[in-house]
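I opened the model to look at packing and surface. My notes follow.

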Amino acid sequence: MSAPTTGAAPSGTRSGAEQPPDSGAKHKLTAVTGLAALSLDAMASVAYGPEAIVLVLAAAGAHGLGFTLPVTAAIAALLAVLVASYRQVIAAFPDGGGSYAVAKTYLGARTGLVAAASLVLDYVLNVAVAVTAGVAALTSAFPEIYGDRVWLCLLVLALITAVNLRGIVDSARAFVVPTVVFVGSILVLIAVGLFRDAPLSTAAAAGHDSVLAGNATTVGALLLLKAFASGCSALTGVEAIANAVPSFRAPAARRAQRAEIALGALLGVMLIGLSVLISRFGLQPVEGVTVLAQLADASVGHNWAFYVIQFATMTLLALSANTSFGGLPVLLKLLARDNYLPHVFGLKADRQVHRHGVLTLAGVSAVLLVLSGGDTNTLVPLFAIGVFVGFTVAQAGMVLHWRRTRGGRWAAKALLNGFGALLTGVSAVVVTATKFHDGAWLVVVALPLLVAAFECVHRAYRRIGERLGVGRIPEPPHRDRSMVVVPVSSLTRLTSEALTAAVSLGDEVRAVTVCHSDPEDRDRTEALERDWALWNPGVPLVRVTSDRRALGRPIAAYVRELAAVEPGTRITVLIPEVEPARLWQRALQNQRGAVVAHAVRRDTSAVICRLRFRLD
């Protein structure tokens, strides 16, 4: 365990241009590859965001569907607010962390943990929802594999995990083509559809029952609010770039800002364009066919282009889980740096990969996939609540940021962030309330539990820091009398090497052998003692008897006796072990060294030294 730090370094307001040169630039993202690595979640949301709006408004019949474009326009306006806000978050917090960094700095540690827990839950759920949605699209095309959907989900998850273990740049390069194909397909769909006065084809919806209710004379504000909240699922993933700023090449903040603006522009154009086509074609939702599929059918016809769009959508939905693999490990690193998670999450592999974060995300997501049976509808009610909490906290924190910094036009910026916080806060409440009985209560319960777990880890690190005297100047080092205990079982070259090392380390050395009560073991010990006397290495051999067939505990008990008799002596247990020349030969070893080390570490305060004797 690494020593806990006394506190995280402040994020500061340093711009990306002022950051030091990045020696690992080839393993980091450009603005373009950053879009492929961190925006797939947001891009893929156009496949279900407009549909979520239409399905809610369908309760008011055709009159309700007439509000699709105004509701989408409101969501696009909120998107613009979020992009502008997170662009400022990136500049103010170039070390990443997004809403967690903002909340920790301006709203307090507890609020920061709420934001972090919300993002952790959302990232995990995003992986599960994305994978199940992609597999659901595949099983819709090939119903005969529906029974194997859980295994298919796990296979897709394993593929995405393997790519991300090679580094975020490799994952970005692997997903650039699917991203370009999807975005290009949607833009072509919109452009072609705008030149049509009527649907080119309705074959996709033929034979499917409409879910449209009877016409209503008025549309209530509550229904519009619910449609707005449901459509805001299209905004999930907007925060991912701000969370992973350190993954970009220098100047990281500037590149991340460009990627954030590009994401907002593309997402806004696609959302508005699809909503215009919904109104233009008078589209009505039907059972078993997605709104996007109907739009593709109406714009380009039921031909090869239709299937290209469907396949691109299916692929991007499955791969949109990559957003979580790009953002969550960085967030876990920041939590580990602040002593809210084990420090192992802060470690990086050679390819700039937070391997433990990637594997943990994959493991938890796999459990969710198995528990849900690979069913998207089981997971969707849990989705998007966490990200709205993060949105709200981030923008509320940025209001305080502008008040304190009071830069140019700070009042207008604070007003914009405050308005965004109000909208996302209301959306979070509405989404939670409307989906509470469908499973959203699990998120409401999990959120405080996760915050409590963070604080528990932090208290443990604080206690460790107090015991270690972190932040205080320790006493100067001094030399104590030292004794080295060497466990032996036979007289070999390994024994000689161990004693040579021991006499080099300690003022006094004792060799120890454990003798059990059975006659065979007594005869072996007596033979060892005779050979030892003939060898006469200048080190006494101590026989430790044991009635039980144990090895580690008798040696640990002997070490405790030595410590009690000589309290001022530093005791080291040197355990000699053979290092085979071949990896497979390790299975031939008896593992006695590991047994002794475990017992001594558990029952004593002695120093443990494991001597490896290599057999070249």
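**Core packing**

I started from Phe454. Leaving aside neighbours within four places in sequence, Phe454 is in contact (heavy atoms within 4.5 Å) with Leu113, Ala116, Ala117, Val120, Leu335, Tyr340 and Leu341.

I noted the ground rules. This is a predicted model, where local features need pLDDT of at least 70 and side-chain atom pairs count only at pLDDT 80 or more, while totals for chains, interfaces and linings use all residues. Residues are numbered from 1 along each chain as its sequence is written, and side-chain values use heavy atoms, leaving out hydrogens and water.

Next I looked up the largest nonpolar core (buried Ala, Val, Leu, Ile, Met, Phe, Trp, Tyr and Cys joined through side-chain atoms within 4.5 Å; buried is under 20% relative accessible area, exposed over 50%, partly exposed in between, with a 1.4 Å probe and protein chains only). It has 131 residues, and Leu189, Leu235, Val238, Leu295, Leu335 and Phe454 touch the most other members. Helix H7 (residues 109-141) gives the largest share, 15 residues. Helices here are DSSP runs of H or I, at least four residues, numbered from the N terminus. Another core, of 16 residues, lies apart; Val544, Ile555, Ala597 and Ala606 are among them.

**Helix H3**

Why is H3 largely enclosed by the rest of the structure? I found 8 of its 9 residues (49-57) buried, so the rest of the structure largely encloses H3. The buried ones are Gly49, Pro50, Glu51, Ala52, Ile53, Val54, Val56 and Leu57. Their cover includes helices H4 (61-65), H5 (68-92), H10 (221-231), H12 (252-281) and H13 (291-300).

**Phe436**

I then checked Phe436. Phe436 sits in the loop between helix H19 (410-435) and helix H20 (440-468). Phe436 is partly exposed, at 32% relative accessible area.

Note on methods. Helices (H or I, at least four residues) and strands (E, at least two) are DSSP runs, numbered from the N terminus.
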